[in-house]
Amino acid sequence: MKYKRREISNFQTQACFDQFICNNCGYLVVPEGAGSSHRNHCSQCLSSKHVDHLPGDRASKCSGIMEAIGVWVRKNGEWAIIHRCSRCGHISANRIAADDNPIKLMSLALQPLARPPFPLNDLGHLEGGVQHE
Ligand SMILES: [Zn+2]
Ligand SMILES: [Zn+2]
C-alpha cells in the first residue's frame with residue numbers, strides 16, 4: 001500500500017501540504033513544486049498569511065496578509081523572504097521555495113538598490129568621480 005502524506009491526521013503537518021488560494025493575487029498555490037514541507041507563501045507574489053507565531057504552529061488568529069518586504073541571506077547562502085503582516089505588523093523570515101517566482105525574488109532583493117534614498121551621482125563624488133577609459 002502506498003503511503004500518502006496527505007492522510008496524516010496531525011493538523012500541523014497536514015496544513016503544510018494543503019493547496020491554497022493566495023489572498024493577495026488569487027493564484028492557486030500547490031505544495032508539489034515547493035521542494036520542502038514549508039510552503040507557506042504564494043510562489044507568484046510571495047505573499048503569505050499571518051497564521052503562525054512560530055513557523056508552522058498555526059497559533060495566530062490574525063490572518064492578515066503577510067507582505068514580502070525583503071530578502072535576507074543566511075550564513076549558509078540560503079535565501080529567506082522577510083514577511084511583514086499588513087494588519088498587525090508582525091515580521092517573520094521564511095525560507096524560499098524551489099518554485100518561487102525568481103523575477104519577483106530578484107526585484108525584491110534589488111528594490112533598495114533601485115530606489116536609493118539619495119541621487120546615485122553622489123556615489124561618484126565619494127569615489128572621486130566616474131572613471132572613463
Ligand atoms: Zn499571491
Ligand atoms: Zn498579523
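# Salt bridges, a zinc site and a nonpolar core

Arg-74, Glu-78 and Arg-95 are joined to one another in a network of salt bridges, a salt bridge being a side-chain nitrogen of Lys or Arg within 4 Å of a carboxyl oxygen of Asp or Glu. The structure is a predicted model, in which local features need pLDDT of at least 70 and side-chain atom pairs count only at pLDDT 80 or more, while totals for chains, interfaces and linings use all residues. Residues are numbered from 1 along each chain as its sequence is written, chains are lettered from A and ligands numbered from 1 in the order in which they are written, and side-chain values use heavy atoms, with hydrogens and water left out.

## Salt bridges

A search of the whole structure finds 3 salt bridges, and they are listed here with the separation of their N and O atoms.

| Acidic residue | Basic residue | N to O distance |
|---|---|---|
| Asp-52 | Arg-58 | 3.0 Å |
| Glu-78 | Arg-74 | 3.1 Å |
| Glu-78 | Arg-95 | 3.4 Å |

The pairing of Glu-78 with Arg-95 links distant parts of the chain, since Glu-78 lies in the loop between β4 and β5 whereas Arg-95 belongs to strand β6, 17 residues apart; helices (H or I, at least four residues) and strands (E, at least two) are DSSP runs, numbered from the N terminus. Accessibility is graded here by relative accessible area (buried under 20%, exposed over 50%, partly exposed in between, with a 1.4 Å probe and protein chains only). On that scale Glu-78 is partly exposed at 25%, Arg-74 is partly exposed at 23%, and Arg-95 is partly exposed at 40%.

In the remaining pair, Asp-52 is buried at 13% relative accessibility, whereas its partner Arg-58 is partly exposed at 28%. Arg-58 is placed in the loop between β3 and β4, and its backbone has a positive phi of about 55 degrees although Arg-58 is not a glycine. Ser-63 lies in the loop between β3 and β4, has a phi near 65 degrees, again a positive value in a residue other than glycine, and is partly exposed at 31% relative accessibility.

## The zinc site

The zinc ion (ligand 2) takes its protein donors from His-50 (ND1), Cys-62 (SG), Cys-85 (SG) and Cys-88 (SG), which lie 1.9 to 2.4 Å from the metal. Donors are N, O and S atoms within 2.8 Å of the metal (3.2 Å for Na, K and Ca), and water is not among the atoms, so sites may look incomplete. Along the chain these donors follow the spacing H-x11-C-x22-C-x2-C.

With angles of 104 to 119 degrees among its 4 donor atoms, the site of the zinc ion (ligand 2) is tetrahedral, a label given to four donors if all angles lie between 85 and 135 degrees. For reference, the ideal angle for four tetrahedral donors is 109.5 degrees.

Cys-62 and Cys-88 link distant parts of the chain at this site, with Cys-62 in the loop between β3 (48–49) and β4 (65–73) and Cys-88 in the loop between β5 (79–85) and β6 (91–95), 26 residues apart. Cys-62 is buried, with a relative accessible area of 16%, whereas Cys-88 is partly exposed at 47%.

As for cysteine pairing, the count comes to 0 disulfides, where a disulfide is a pair of cysteine sulfur atoms within 2.5 Å. Cys-22 is buried, with a relative accessible area of 6%.

## The core and helix α2

The largest nonpolar core has 5 residues, namely Leu-46, Ala-68, Ile-81, Leu-105 and Leu-108; such a core is a set of buried Ala, Val, Leu, Ile, Met, Phe, Trp, Tyr and Cys residues joined through side-chain atoms within 4.5 Å. In soluble globular proteins, nonpolar side chains tend to be buried together. Leaving aside residues up to four places away in sequence, Ala-68 touches Leu-46, Ile-81, Ile-82, His-83 and Leu-108, contact meaning heavy atoms within 4.5 Å.

Met-106 is found in helix α2 (residues 102–114) and is partly exposed at 43% relative accessibility. The C-alpha atoms of Met-106 and Gly-70 are separated by 9.9 Å, although these residues stand 36 residues apart along the chain.

Key
Four donors count as tetrahedral if all angles lie between 85 and 135 degrees; four count as square planar and six as octahedral if opposite donors are over 155 degrees apart and all others between 65 and 115; anything else is irregular.
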